[in-house]
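Visitor: I have a new model open and would like to learn how to read it. Could you walk me through it, starting with the overall fold?

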Amino acid sequence: MGYDLTSLRALRAQGFDTIIDVRSPAEFAEDHLPGAINLPVLSNEERAKVGTIYTQESAFRARKIGAALVARNAAHHIETVLAEKDGGWRPLVYCWRGGQRSGSFAAILGQIGWRTETLTGGYRSYRRAVVRALYEDPWPGRLAVLDGYTGTAKTELLERLAFRGIQVIDLEALAGHRGSVLGGRSAGQPSQKGFESGIAAALAGFDPERPVVVEAESSKIGDLIVPPSLWAAMGQAPRLVIEAPVAARAAYLARAYRELGADPDTLCDLLDRLVPYHGHAQVEAWQSLARDGAGEALAASLIERHYDGRYARSRARAEQNRVEVVPVSALDDPALDALAEDLAKRFT
């Protein structure tokens, strides 16, 4: 039986026990339905082999070889990952277009007695829903932006707000990047499609009657672009600005980037990227602080000489949407807890 995806919110409401992506691992790694598991019926190499036979030799031979591989891989999944599923298990299965791969696997699962459905149109129908939500439709509901200069703990405040029941989208977490020259993470960034899937999944789970809080960002986070509907909404949303002294911000950044500070070679390599903006002499001075383990001094200098000027220019475009400035004198754990409590009341 085919399931027609009308919206991402409707998909969440269906309550499938498991969403199974039977595409190859490479296809799955680029993007997939939120919460899906990958049970490929053709590996990366097998898919390439069958495709080559299909285009260069014979469609019939390709289908015959492909069917054998699908049956073999399906048997492995049933004997391992799916071995403990009971008779009431209800999966949704999909592939690229909702064709042979998902249909073949679903037929086998259905013969066992499981209430299996396939996604009509496959991954492509899901991707169209994401594009519609993030590129074509206006952002639904209310949005609020948490703003402030670098080092005002905005990302950590989002985490504390979420703990207090406030709806938040942590764009930096979804993008796998802190949004600055030092913001890369060891795990790297997802694909653009994967980033958008994370945003769309969060949006589908929100109560549209309650506000959603995001951190002020530029239009790009690392190599990823904030989708147009969200970016437009952020430009129009009211902004609550956190203000803290440079010393407090530097102390916070030294704590937040502690792991990077413990690896001065990597930190110095990253600082090299600032040479076009500040010249060799200034960057070498920063690198000297990094090698000396002077994390707070380095953070304070970067704030004053690099981050604040760039941030001020980007913020100037949104000043008309500022709602309120919230001054704080410290950004340690007790201060952040108190600030999160105050902000939660404003966003309730």
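Guide: Happy to, and please keep in mind that this is a predicted model. A good way in is to ask how far apart in sequence the touching residues are. Here, among contacts between residues at least 6 apart in sequence, 72% join residues at least 24 apart.

Visitor: How many helices and strands does the protein chain have?

Guide: The chain holds 16 helices and twelve strands. Its C-alpha trace spans about 70 × 45 × 35 Å along the principal axes.

Visitor: And what percentage of the residues count as buried?

Guide: Of the 348 residues, 47% do. On the outside, the accessible surface comes to about 17100 Å², with 51% of that belonging to carbon and sulfur atoms.

Visitor: Which residues have the most contacts inside the largest nonpolar core?

Guide: To read a core, look for its best-connected members and then for the elements that feed it. This core has 41 residues, and Leu33, Trp139 and Leu143 have the most contacts inside it. Elements that each supply at least two of its residues include α1 (8–14), β4 (91–94), α9 (192–204) and α10 (228–236). The largest share, six residues, comes from α6. Apart from this core lies another, of 23 residues, including Ala153, Val213, Ala248 and Leu343.

Visitor: What is Leu33 in contact with, beyond its neighbours within four places in sequence?

Guide: Leu33 meets Leu11, Ile19, Leu119 and three tyrosines, Tyr94, Tyr123 and Tyr126.

Visitor: Let me try a charged residue. Is Glu196 buried or exposed?

Guide: Glu196, found in helix α9, counts as buried because its relative accessibility is 0%, and the cut-off for buried is under 20%. Leaving out residues up to four places away in sequence, Glu196 touches Arg127, Val130, Leu134, Tyr135 and Pro227.

Visitor: Now for the empty space. How do I read a pocket?

Guide: Rolling a probe the size of a water molecule over the atoms shows where empty space is left. Take the second largest pocket, with a volume of about 650 Å³. Two or more lining residues come from each of α3 (44–56), α4 (59–79) and α5 (100–112). Helix α4 gives the largest share, six residues.

Visitor: Which lining residues lie nearest the centre of the second largest pocket?

Guide: Those are Leu42, Val50, Arg97, Gln100 and Arg101, out of 20 lining residues. By class, the lining has ten nonpolar, five polar and five charged residues.

Notes:
Residues numbered from 1 in each chain as written. Predicted model: local features only at pLDDT ≥ 70, side-chain atom pairs only at ≥ 80, totals over all residues. Heavy atoms only, no water. 1 Å grid on protein atoms, 1.4 Å probe; cavity = no way out; pocket = protein on both sides within 12 Å on 5 of 7 lines; lining within 4 Å. Points joined across faces, edges and corners; volume = space filled by probe spheres on them. Helix = DSSP H or I, 4+ residues; strand = E, 2+ residues; numbered from the N terminus. Nonpolar A, V, L, I, M, F, W, Y, C, P; charged D, E, K, R; others polar. Core = buried A, V, L, I, M, F, W, Y, C linked by side-chain atoms within 4.5 Å. Buried < 20%, exposed > 50% of the residue type's maximum accessible area, 1.4 Å probe, protein only. Contact = heavy atoms within 4.5 Å. Areas by Shrake-Rupley, 256 points an atom, 1.4 Å probe, with all protein chains shown as cover.
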